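Biologist: Hey, can you walk me through this one? I'd like to start with how the chain is put together.

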Amino acid sequence: MSTTWLVVLFVGAFTIAFKAAGPVLLGGRELPARMTDAFELLAPALLAALVVTQAVGGKESIVLDKRLVGVGAALVAIRLRAPLIVVIVIAAVATALARAL
Amino acid sequence: MSPLVPASATFGAAYGVLAVTAGMGVFAPIVMSATTFAGTAQFAAASVIRDGGSVLAAVGAAVFLNARYLAMSVAIAPAFQGSRLRRFFESQLLVDESWAVSQVGGGRIDRRVLVGAGLFLFPCWVGGTALGVFGGDVLGDPKRLGLDAAFPALFLGLLITLAVSRRAIAAAVAGGLVALVLLPIAPAGVPVIAAAAVCLVGLRRR
């Protein structure tokens, strides 16, 4: 089998197993209270990390580019209580405009 | 989710173009989008293949990037009902974006929102990949269209609605800082997993 198909096979198998593990093995059951407490913090911690890596992430580096214009515009839109859809569109448009200038 | 359709499709197309130029052929990238269904890991695997890396290097990078799904998968488990087969298929719709929009606070998710968002994004991602593989950059450069700013904006918007309690704000600040510090020094994927580990602090009694 070629390198490509081996990669497709193994990455696919691992990812499918990761995603399925919780719902298939534990589905519908309540988690222990202490674990729920921990997972309550998972969403904000993970979301903040995703904001950072998506906004300033490069190839093993911090890259400050026009994405920050979009994120800044998004922050203003969030402050003005714009719906999420509008926030996303504003971020893309602001970054696109900044790049076009 | 609708604004993420152009973003998801154009990044799918960008992945298709990269995968073809990396020498992955035309079908493998589409199969990978349909089975792995996780953008960053697929980009990473394609880059390693393009640079002539080994199977182990490509799989290792992608698996590391996707390890966060294991934590997310366990966290969302209580919301999944029904037969094992149904839970299996629904769980495959877990991606960062569908997970993020389904958060209802207190560490819980709305399964219907996650599944709905996933069903929305899946054809965009796979269809976008096919477009990129066969048609090249027909959808345009995602960066020129500013679409690379759409994802941090989505995550930021969701983060702010979730970060209401002092614990949640502390976790967000800690997670963001961990990611920022590790970004220039750790391999891709590590900053996000390390930030997720911040939630282990919550295992201590309040």
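Modeller: Sure. Keep in mind that this is a predicted model. Along its sequence, chain A reads α-α-α-α.

Biologist: How many helices and strands does chain A have, then?

Modeller: Four helices and zero strands.

Biologist: And is chain A spread out or a compact globule?

Modeller: Spread out. Its radius of gyration is 19 Å, and the globule rule gives 13 Å for 101 residues, so chain A is more spread out than a compact globule. Its C-alpha atoms fill a box of roughly 50 × 45 × 25 Å along the principal axes.

Biologist: How much of chain A is buried?

Modeller: 51% of its 101 residues.

Biologist: OK, switching to the contact. How many residues does each chain put in?

Modeller: Chain A brings 68 residues and chain B brings 89 residues. On the chain A side, helix 2 gives the largest share, 21 residues. By class, that side has 45 nonpolar, 14 polar and nine charged residues.

Biologist: Now the largest nonpolar core. Which residues touch the most other members?

Modeller: There are 110 residues in that core, and the ones touching the most other members are L42(A), A45(A), L47(A), A91(A), A45(B) and A150(B). Helix 2 of chain A, residues 33-56, gives the most to this core, with 15 residues. From chain B, domain 1 (4-147) and domain 2 (163-206) each give at least three residues.

Biologist: What does L47(A) touch?

Modeller: Leaving out residues up to four places away in sequence, L47(A) touches A100(B), F155(B), L158(B), L159(B), L162(B) and A172(B).

How values were computed: Residues numbered from 1 in each chain as written. Chains lettered and ligands numbered in written order. Predicted model: local features only at pLDDT ≥ 70, side-chain atom pairs only at ≥ 80, totals over all residues. Core = buried A, V, L, I, M, F, W, Y, C linked by C-beta atoms within 7 Å. Buried ≥ 20, exposed ≤ 12 C-beta atoms within 10 Å, placed from the backbone. Helix = DSSP H or I, 4+ residues; strand = E, 2+ residues; numbered from the N terminus. Domains from an automatic or database assignment. Contact = placed C-beta atoms within 7 Å. Rg over C-alpha atoms; globule rule 2.2 N^0.38 Å. Nonpolar A, V, L, I, M, F, W, Y, C, P; charged D, E, K, R; others polar.
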